[in-house]
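Open your viewer and get ready to click along. We will go one selection at a time, with a short note at each stop.

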Amino acid sequence: MPFDARTDPLLKVENLRAWYGDSQALHDVSFDVAQGELVTLIGRNGAGKSTTLRSIMGIVRNRKGSILFEGQELMGKRTYQIARKGIAWCPEERGIFADLSVRENLTLPPILKPGGMSDATLLETFPNLKARATSRGTQLSGGEQQMLAIARILRNGCRFLLLDEPSEGLAPVVVKEIGRQIRLLKEQGYTILLVEQNLNFARSVADRHVVIENGAVVDTLTNDELAVDLDRVKTYLGV
Amino acid sequence: MFDGITPQLLFGQLLIGVINGSFYAMLAMGLAIIFGLMHVVNFAHGAQYMLGAFVAWLLLSTLGVPYWGALFIAPLVVAIFGLVMERLILKPIAHLDPLYSLLVTYAATLVIEGAVRLNYGSTGLPYSSPLPGGVNLGFMFMPWYRLWVVVFSIFTCLGTWLLIEHTKLGAYLRAANESPETVESFGINVPRMMTLTYAFGVGLAGLSGVLAAPIYQVSPSMGSTLMITIFAVVVIGGMGSIMGAILTGYLLGIVEGLTKVFYPEGANLVIFFIMLLALIFRPRGLFSGEKS
């Protein structure tokens, strides 16, 4: 059946299993993300959240199940082919290239689709980067590196973003700023799948939460449901 | 100690040093590109250099293609050979330790050299100079062809360095060396880029081979005798440092040439002695920017 953007989820993950060597990291993970929605994958350290993103992106190659994006199967596709379909990935370690300047890092990804942010808009959205344009990537603070990592994937025209723990290791004031920018992206129509351990941060930006434990989905709840049943999720996270 | 050293001897050896340095620089640069961007220790680089010279010889002797045509065709043929080699024997072991690539390319060297030896024998095959004659500078005679080799190699080295360090393509390559997953997630076909990088590095070896054909005789072992020195150049310059490989190549060629003037017995040892010192005092190489 052809993909219908009005009714079908943009991303549909079904029975996703993934392995690192002989060790199975994901066990039949299933969830979906609608167009324009911001969904978080929450769970403890090592629960399989980042592996889910890496499997969607094709970086974890040893995987089975089904990943449909705009109705097209991503299984068997290489990472670069998945990116060209309109999915951008911001890795947990940020992936800022030490050898390149901020501007070079920012302009490194090629334009894959029309409609990406212009350099001027990006620097307006992330003003800290403007002042550091000629600095080496590794001379930036953690927050600036995170902003650069997010800004970098907004140029290429991809409208589906996979963000892996953007708040990790950052000062509260920076986390707040990152949260503001993520909400801004959502307002602009981006669809976002966000991996988070910081429950407060996840609550401040998301529409829906998928809880992952030991490589499997154990709960799914909306942001409103989370507000009234916070203890349930805190138990999962061991908070 | 310096008795009997005439300007002719000094400048003659200096010229030989610069010419040898041109080959050291070009070959070391290709090796540094392949190692620096792909983590492949390409032991077959010498055999691929020999193939460049050999293809040039074959083009001339069978098809009548002159040197200037071979200068374009032979590196292309060798690059395509490298492309096939990367797909068939290097890609399957890309995830393993670089030691495996060294062993595999060493095996490939033996096969390539053996195949050429089997068909064309061990003795050198002559290749006449496309630029005969030269100019008398008063203190020495400068053959035109050797001048061409030096100038051409300098431009090739500078051009390649600019390509890697100052273009978008080079930025992709350097970034892919740091994090191939991230670069591929940008929509860049990193596996193909790596294959083409290997082919480019191998093509440079082939180009050096064509340049070498009129100076040294074309023989199956012409590359393997040079390879140990080239590895020493790369180690001294800093594994993976492209400018390091270029500068060290020329520098060591000159040092070797001058040693032949002042202490001929030590000419074959000097490069390895410098390598020993570099490994002790700057194990990451003279141009790596780090001491250890």
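**Stop 1: chain A as a whole**

Select chain A and switch on the cartoon: its secondary structure comes to ten helices and ten strands. Here helices (H or I, at least four residues) and strands (E, at least two) are DSSP runs, numbered from the N terminus. Before you go further, note that this is a predicted model, in which local features need pLDDT of at least 70 and side-chain atom pairs count only at pLDDT 80 or more, while totals for chains, interfaces and linings use all residues. Residues are numbered from 1 along each chain as its sequence is written, chains are lettered from A and ligands numbered from 1 in the order in which they are written, and side-chain values use heavy atoms, with hydrogens and water left out.

Now zoom out. Along the principal axes, the C-alpha atoms of chain A fill a box of roughly 45 × 40 × 40 Å. Its radius of gyration is 17 Å, which agrees with the value near 18 Å for a compact globule of 239 residues; this radius is taken over C-alpha atoms, and the globule rule is 2.2 Å times the number of residues to the power 0.38.

Switch to a surface view. Chain A exposes about 10,200 Å², with carbon and sulfur atoms supplying 46% of it (Shrake-Rupley method, 1.4 Å probe; for residues, only the protein chains shown count as cover). Of its 239 residues, 53% count as buried, meaning under 20% relative accessible area, with exposed being over 50% and partly exposed in between (1.4 Å probe, protein chains only).

Colour by charge next. Chain A has 30 positive and 29 negative side chains, and the centres of the two sets lie 5 Å apart. Lys and Arg count as positive and Asp and Glu as negative, leaving out His and the chain ends; each charge is placed at NZ of Lys, CZ of Arg, CG of Asp or CD of Glu.

**Stop 2: A:Thr191**

Select A:Thr191, which is in strand E8 (residues 191-196) of chain A. Is A:Thr191 buried or exposed? It counts as buried, because its relative accessibility is 0%. Show its surroundings: leaving out residues up to four places away in sequence, A:Thr191 touches A:Leu10, A:Arg159, A:Phe160 and A:Leu161, among others (contact means heavy atoms within 4.5 Å). The list also includes A:Val33, A:Ala34, A:Gln35, A:Gly36 and A:Glu37. For a distance, pick the C-alpha atoms of A:Thr191 and A:Glu213: the two residues are 22 apart along the chain, and the atoms are separated by 24 Å.

**Stop 3: chain B as a whole**

Move to chain B, with eleven helices and two strands. Trace the elements from the N terminus and you will read α-α-α-α-β-β-α-α-α-α-α-α-α. The C-alpha box is roughly 65 × 50 × 35 Å, and 52% of the 292 residues are buried. On the surface view, about 12,900 Å² is accessible, of which 72% belongs to carbon and sulfur atoms.

Colour by pLDDT, the predictor's confidence in each residue, from 0 to 100. Chain B averages 91. Among its elements, helix H3 (residues 67-90) of chain B has the highest mean, 97, and helix H6 (residues 168-178) of chain B the lowest, 88.

**Stop 4: B:Gln13**

Finally, select B:Gln13 in helix H1 (residues 7-38) of chain B. B:Gln13 counts as buried because its relative accessibility is 16%. Beyond its neighbours within four places in sequence, B:Gln13 is in contact with B:Gly257, B:Lys260 and B:Val261.
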